[in-house]
2 protein chains.
Amino acid sequence: MARDRTQIMTDALQNPPVIAADIDAAARVLAPYAIRTPLLSSPALDERLGAKVFFKPEVLQRTGSFKFRGAFNKLSSIPQAARDGGVVAFSSGNHAQGVAAAARILGMRATIVMPADAPVSKRERTKGYGAEVVLYDRDREDREAIAREIAGKRGATVVPPYDDPKIIAGQGTVGREIAEDLAAMSISPDIVVAPASGGGLIAGIATAVKARFPQAAVMCAEPKGFDDHARSLRAGHREAHDANGRTICDALMALIPGEITFAINGRLLSQGVVASDAEVGTAMAFAFRELKLAVEPGGAVALAALLAGRIDVRGKTIAIVLSGGNVDADLFAKLID
Amino acid sequence: MARDRTQIMTDALQNPPVIAADIDAAARVLAPYAIRTPLLSSPALDERLGAKVFFKPEVLQRTGSFKFRGAFNKLSSIPQAARDGGVVAFSSGNHAQGVAAAARILGMRATIVMPADAPVSKRERTKGYGAEVVLYDRDREDREAIAREIAGKRGATVVPPYDDPKIIAGQGTVGREIAEDLAAMSISPDIVVAPASGGGLIAGIATAVKARFPQAAVMCAEPKGFDDHARSLRAGHREAHDANGRTICDALMALIPGEITFAINGRLLSQGVVASDAEVGTAMAFAFRELKLAVEPGGAVALAALLAGRIDVRGKTIAIVLSGGNVDADLFAKLID
């Protein structure tokens with residue numbers, strides 16, 4: 001721990017790494033390319049929770065998750081002179097697809113470093129967006145070293161998954177749209193909840209939502225055990241989780257909050273909540289049955305925490321993010337049945 | 001056949017059973033209660049078809065299908081004096097849920113006559129909206145007679161599934177919203193496609209869409225074999241289909257177009273297209289994988305016809321309706337896997 005919470009907070013207050021104006025700028029960059037997902041509600045969900053719940057289905061976003069937003073905003077910021085070198089990213093999932101799709105739109109070459117045991121469907125989807133996929137052995141090779149080597153050899157830009165102001169600002173457009181749509185209905189949210197892994201999405205959302213609704217409580221949701229944000233928020237500094245098993249939320253397994261994301265989240269989030277794998281499965285089945293949406297495990301964790309009663313929502317107005325829908329058919333079939 | 005096409009056309013032209021103003025009125029009635037579903041698009045779908053495709057996910061509607069719209073508009077039109085008698089409907093599926101949910105909102109008693117072998121989940125959902133469910137034996141009893149008997153005994157109003165101007169006007173709000181959203185983007189549709197069973201949805205949509213975009217071709221989609229609309233449109237008069245088997249599209253099995261609906265559809269639709277059960281399954285899997293939506297077989301038939309190449313869409317602008325999402329988890333799991 002280099003700096004304590006007071007120091008981080010002081011730095012972030014004086015010079016926040018991302019401000020609402022950065023998210024406004026990202027929104028302008030994304031407008032012609034990202035899908036402006038609707039803000040939906042469901043009488044069945046409201047009744048179940050005794051609350052007014054709005055959900056933002058980023059499953060409907062290009063590439064099936066919010067990750068396209070941050071990736072496209074980041075790639076758009078690469079100077080023309082550096083674009084010929086292309087981009088490189090390491091990811092086995094949604095970030096890979098987001099970067100690949102953004103690169104194709106911008107006419108850039110994309111290389112994605114993926115574990116050799118990544119699901120074939122995710123590899124194929126990433127290739128489908130025109131990216132080159134480089135496989136590595138999860139047990140014996142270092143993916144960041146491979147990415148850096150490719151970057152060095154080709155003059156490519158490494159696109160980090162979350163700890164980057166452009167990425168955070170891009171993801172923040174999710175929160176900006178939530179705030180805009182609620183404001184258009186003259187509704188103030190009491191609570192806003194989104195999933196966290198490295199913390200880029202929730203950092204962007206918190207920045208955008210707090211700019212318009214400072215009184216709203218912004219919370220992150222994590223898989224039980226993989227609760228590094230919840231721990232870090234309680235401790236006042238970045239703490240790793242101590243899970244050494246797995247979770248069905250394959251998109252939410254980052255070990256520790258990002259430095260830049262936590263400089264934002266440590267200041268703006270009120271708490272972190274968790275949901276178990278079983279609760280996530282229940283939420284996915286609920287989303288299928290009542291919301292008619294295909295949500296992946298990591299994308300359903302905020303809904304799962306709500307349905308499991310982890311937040312006192314009775315009588316309140318809540319907005320949650322269903323952040324992605326890239327789930328294999330066999331797992332989905334098993335969980336809803 | 002009492003009247004030939006010319007006669008029906010002449011009648012309908014002189015005195016159409018539903019006009020755009022009826023749909024405007026229905027929209028005002030529905031505004032506080034129905035969900036205004038978004039008009040979405042998907043780069044993956046556009047790329048696959050080489051067209052600009054908009055889809056209207058009525059799976060997100062209250063009760064999981066468009067049927068709530070017509071039911072609510074119809075029930076709202078029942079005079080106060082007759083409301084104490086409640087309503088009665090016969091349906092094993094989406095109409096049952098639409099009527100039950102509308103009745104609950106309006107504080108009316110609803111009785112639904114359902115076959116004893118209807119899926120337990122549909123029976124439970126209908127009861128969940130507060131309706132009384134009366135079971136009948138599909139092989140030995142006449143559901144319409146049972147409904148009429150209940151209506152007579154209780155002074156209840158029978159709510160027909162499609163052949164009624166208020167029902168058609170309610171379903172027409174789907175088309176009105178499509179037209180409104182396209183107009184807001186300054187986009188004119190070349191083709192609009194929605195599923196047909198009794199023809200209420202497509203009649204309402206055709207009325208609303210043609211009022212704003214007279215040049216648009218409006219088409220209905222049916223399961224292969226259950227193509228009574230396609231046949232009737234070709235023949236110029238109402239013709240039954242001759243399927244004696246089943247289709248996975250349980251919502252689209254009506255034997256013959258409605259009289260009132262065909263007075264509209266015979267004049268406004270350019271053609272009917274079909275999709276096989278296998279093509280419907282492929283469309284449901286596509287919707288799961290690429291659109292992240294849970295669509296029931298009957299709700300996917302327009303998408304299925306498009307994906308199967310039944311309409312020449314290359315370079316065109318299309319709007320389709322995904323009309324419902326009430327599918328049992330086990331069937332859905334089987335079809336996507």
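**Notebook: domains and cysteines**

I began with the area buried between domain 1 of chain A and domain 2 of chain A (accessible area, 1.4 Å probe, that two parts lose on being put together, summed over both): about 1,900 Å², with carbon and sulfur atoms giving 55%. This is a predicted model, where local features need pLDDT of at least 70, side-chain atom pairs count only at pLDDT 80 or more, and totals for chains, interfaces and linings use all residues. Residues are numbered from 1 along each chain as its sequence is written, chains are lettered from A in the order in which they are written, and side-chain values use heavy atoms, without hydrogens and water.

Next I looked up the bounds, which come from an automatic or database domain assignment: domain 1 of chain A is 5-65 + 165-336 and domain 2 is 67-159. Their centres, taken over C-alpha atoms, are 24 Å apart.

I then checked contacts (heavy atoms within 4.5 Å): 26 residues of domain 1 of chain A touch 21 residues of domain 2 of chain A.

For salt bridges (a side-chain nitrogen of Lys or Arg within 4 Å of a carboxyl oxygen of Asp or Glu), I found three across this interface. I also noted the salt bridge between A:Lys122 and A:Asp250, at 2.8 Å, N to O.

Last, I turned to disulfides (cysteine sulfur atoms within 2.5 Å) and found zero over all chains. B:Cys220 is in none; its nearest cysteine sulfur, in B:Cys249, is 13 Å away, too far for a bond. Buried means under 20% relative accessible area (1.4 Å probe, protein chains only); B:Cys220 is buried at 0%, and B:Cys249 is buried at 0% too.

Key
Buried < 20%, exposed > 50% of the residue type's maximum accessible area, 1.4 Å probe, protein only.
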